[in-house]
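Good morning, and thank you for coming. Please take a moment to look at the sequence and the model on the screen before I begin.

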There are 2 protein chains.
Amino acid sequence: MNLQQLDILLAVVAAGSFSAAARKLGKVQSAVSTAISELEIDLNLQLFDRSGRYPKLTEAGARIVQQAQLVRQQCQQLTELAADLAGGLETRFCLAVDDEGQLPWLAPVLAELSAQFPKLELQVLFPLLEDLTLMLERGDADLGICFQPQQLPEQFLRWPLQQLQFAAAVSTAHVLATLAEVTTADLQQHRQLMVTGRGESLEKQRGRLSSQVWWLEGDIAVLALVEQNLGWAWLPLHVLQPAMLQGKIKLLPINSEPAQLPLQLELWQLRDKTPGPAGLWLRQRLLQLKG
Amino acid sequence: MNLQQLDILLAVVAAGSFSAAARKLGKVQSAVSTAISELEIDLNLQLFDRSGRYPKLTEAGARIVQQAQLVRQQCQQLTELAADLAGGLETRFCLAVDDEGQLPWLAPVLAELSAQFPKLELQVLFPLLEDLTLMLERGDADLGICFQPQQLPEQFLRWPLQQLQFAAAVSTAHVLATLAEVTTADLQQHRQLMVTGRGESLEKQRGRLSSQVWWLEGDIAVLALVEQNLGWAWLPLHVLQPAMLQGKIKLLPINSEPAQLPLQLELWQLRDKTPGPAGLWLRQRLLQLKG
DNA sequence: TGGATACCATCTGGAAATCAGATAGATGAA
DNA sequence: TTCATCTATCTGATTTCCAGATGGTATCCA
């Protein structure tokens, strides 16, 4: 069996006769005739009923044509994939996002990415803090979305994205929730819930006020424990919102500083790495999203 | 691009080297080498890194191999389908069942059929009474499951299947449900709900007692209207059972005849039609189900 | 370091498949 | 019946395909 034979078979079905298919394929009629004959021999099946003026598909032939179309589609996909890869498309693209709390605004962009690069194999991971920079450094991730750090690393190219508002929150059942105004001294006396990566770093101490801290991997986990009244925490507003609307938690009104603390979100990429078309597209799309 | 090239590619990946693949394929090493080379030229992609002793798939090559396997699978399916069809497998098999109320016991058999003939294209229809015989006669259906008729047709081969128990039932809210014993005279005075096909026939009058009848296509519809207290009906016990357990309907105790009326289920096939392997298997399986 | 082994790329002549064109027979419409 | 159009088959020329030989390279081991 042969790909050409299948192509010819499909052409014959589309054109309605061997001769017409031959004309359309730029071949001689005899070529088509023999190709079909040999396909019939190979499959040990009569595909056409030639008793009339025009060849007519047998029932078995019709089934075979269906399957032949599937084969052709897969071949088509293969050549398209090859063309994409030859054009430099990444075989695998890994986006590292600091915390899955970003997903709500990120998911629509990923949907666009999927439409733009249907053959791309995408991986989205949520490493926190220094875990993310480590992945970028190692080349395990191609592009990173994270918060502006206190000490700026040299090996990365960085672009600003949107600002996220952080606020301090507690369960409505918490002692702090009863106060009309809260001081940092108040905060220091209660357990603080904080986000951590899997290693140690200075970065994760940012925002620490309390001496007693529980560390959790991810905003979602922190929020869950805040709801369970296990402490207070700084969290992005959009992560807090649903629980606030349900009346489970309350924002803390802090006296000496603004109740809401803005943090700059950034897009990172290893300086000496040239991204492929999907990486370029995604970078550009994320930057224009900011404006 | 070529099917052979893809085969060779897969063989190389499996064997780990061009030479080993050649040995396994019964070809010369040069054939494999040129085949891969030309595939690379066709796809405009480097599939292997040849810098080492053994060729190593590139990342792009790995993606291509995945897709090549899909192509091969579809081709495999095509040849298997061709072999099945060449072996006489029906391109399409239509089973006609008198009423979908039979499905509970029939579905497991169809599951077995699916396992036995995975490539078969099955159609299951539920024509009633004379609609079913018409479909068999016309060749629209290959095998029929229906009730033993009053006048026996000559053009069919017939095999007995199991017996089904029929009973008369009404809604628990019906006047007849209050009686401790019911006579045919009682039944004659209330609306009877009966099954009908889409045409007219004598057969559908069987079991008619009342002068006032509503006709419905199928037991399910009849049961639904019985539950709505729109009349009484003869129905198979296994159709009545769920509604009985829910207390929606009640069986009628009839004085002069047994409360339950058995009807013989039969398997039908056009006398001069030779079935394919799936038809033969299904017939045999249904008959051994009876014993 | 040098030899042995297994690997890949390339070349070449002969075998095999493929193709275009010609021919003959068949069908269906006018 | 005639004519246009179809399919099957044959044939010689071209092209492709293949096995084998050869040379260069990577890896292992003494």
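I shall speak about the surfaces near the two DNA strands, and then about salt bridges.

Please keep in mind that this is a predicted model.

Let us begin with DNA strand C. Which residues come closest to this strand? In total, 19 residues surround DNA strand C, and the closest are Arg53(A), Phe18(B), Ser19(B), Ser33(B) and Arg50(B). If we take the atoms of DNA strand C that come within 4 Å of the protein, sugar and phosphate account for 64% of them.

Three polar side chains deserve a closer look. In Ser30(A), a polar side-chain atom lies 3.0 Å from a base oxygen of DNA strand C. Arg53(A) also places a polar side-chain atom by a base oxygen of this strand, at 2.6 Å. With Arg50(B), the partner is a phosphate oxygen of DNA strand C, and the distance is 2.3 Å.

Where does this surface come from in the fold? In chain B, helix 2 (18-25) and helix 3 (29-43) each supply at least two residues of the surface near DNA strand C. Helix 3 of chain B gives the largest share, namely four residues. By class, the surface near DNA strand C consists of four nonpolar, ten polar and five charged residues.

I turn now to DNA strand D. Around this strand there are 18 residues, of which Phe18(A), Ser19(A), Ser33(A), Arg50(A) and Ser30(B) come nearest. Sugar or phosphate makes up 61% of the atoms of DNA strand D within 4 Å of the protein, and bases make up the rest.

Here, too, individual contacts can be named. Ser30(B) has a polar side-chain atom 2.9 Å from a base oxygen of DNA strand D. The side chain of Ser33(A) brings an N or O atom to 2.7 Å from a phosphate oxygen of the strand. For Arg23(A), an N or O atom of the side chain is 3.5 Å from a phosphate oxygen of DNA strand D. The elements that give two or more residues to this surface are helix 2 (18-25) and helix 3 (29-43) of chain A. The surface near DNA strand D has four nonpolar, nine polar and five charged residues.

My last topic is salt bridges. Side chains of opposite charge can pair when their charged atoms come close. How many salt bridges does the structure hold over all chains? The number is 22, and I shall describe three of them.

In one of them, Glu121(B) pairs with Arg63(A), and their closest N and O atoms are 3.4 Å apart. Glu121(B) lies in the loop between helix 5 (103-116) and strand 4 (122-125) of chain B, while Arg63(A) lies in helix 4 (residues 59-86) of chain A, so this salt bridge joins two chains. Is each partner buried or exposed? Glu121(B) is partly exposed, at 34% relative accessibility, whereas Arg63(A) is buried, at 13%.

Another salt bridge is formed by Glu217(B) and Arg198(B), with an N to O distance of 2.8 Å. This pair links distant parts of the chain, 19 residues apart: Glu217(B) sits in the loop between strand 8 (213-216) and helix 8 (219-227) of chain B, and Arg198(B) in the loop between strand 7 (192-195) and strand 8. Glu217(B) counts as partly exposed at 38% relative accessibility, and Arg198(B) as exposed at 70%.

Finally, Glu203(A) forms a salt bridge with Arg206(A), where the closest N and O atoms are 3.1 Å apart. Arg206(A) is partly exposed, with a relative accessible area of 30%.

Thank you for your attention.

Terms used:
Residues are numbered from 1 along each chain as its sequence is written. Chains are lettered from A and ligands numbered from 1 in the order in which they are written. This is a predicted model: local features need pLDDT of at least 70, side-chain atom pairs count only at pLDDT 80 or more; totals for chains, interfaces and linings use all residues. Side-chain values use heavy atoms; hydrogens and water are left out. A residue is near a molecule or strand if one of its heavy atoms lies within 4 Å of it. A polar contact is a pair of N or O atoms within 3.5 Å; within protein, one must be able to donate a hydrogen and the other to accept it, and residues adjacent in sequence count only if both atoms are side-chain atoms. Ala, Val, Leu, Ile, Met, Phe, Trp, Tyr, Cys and Pro count as nonpolar, Asp, Glu, Lys and Arg as charged, and the others, Gly among them, as polar. A salt bridge is a side-chain nitrogen of Lys or Arg within 4 Å of a carboxyl oxygen of Asp or Glu. Buried means under 20% relative accessible area, exposed over 50%, partly exposed in between (1.4 Å probe, protein chains only).
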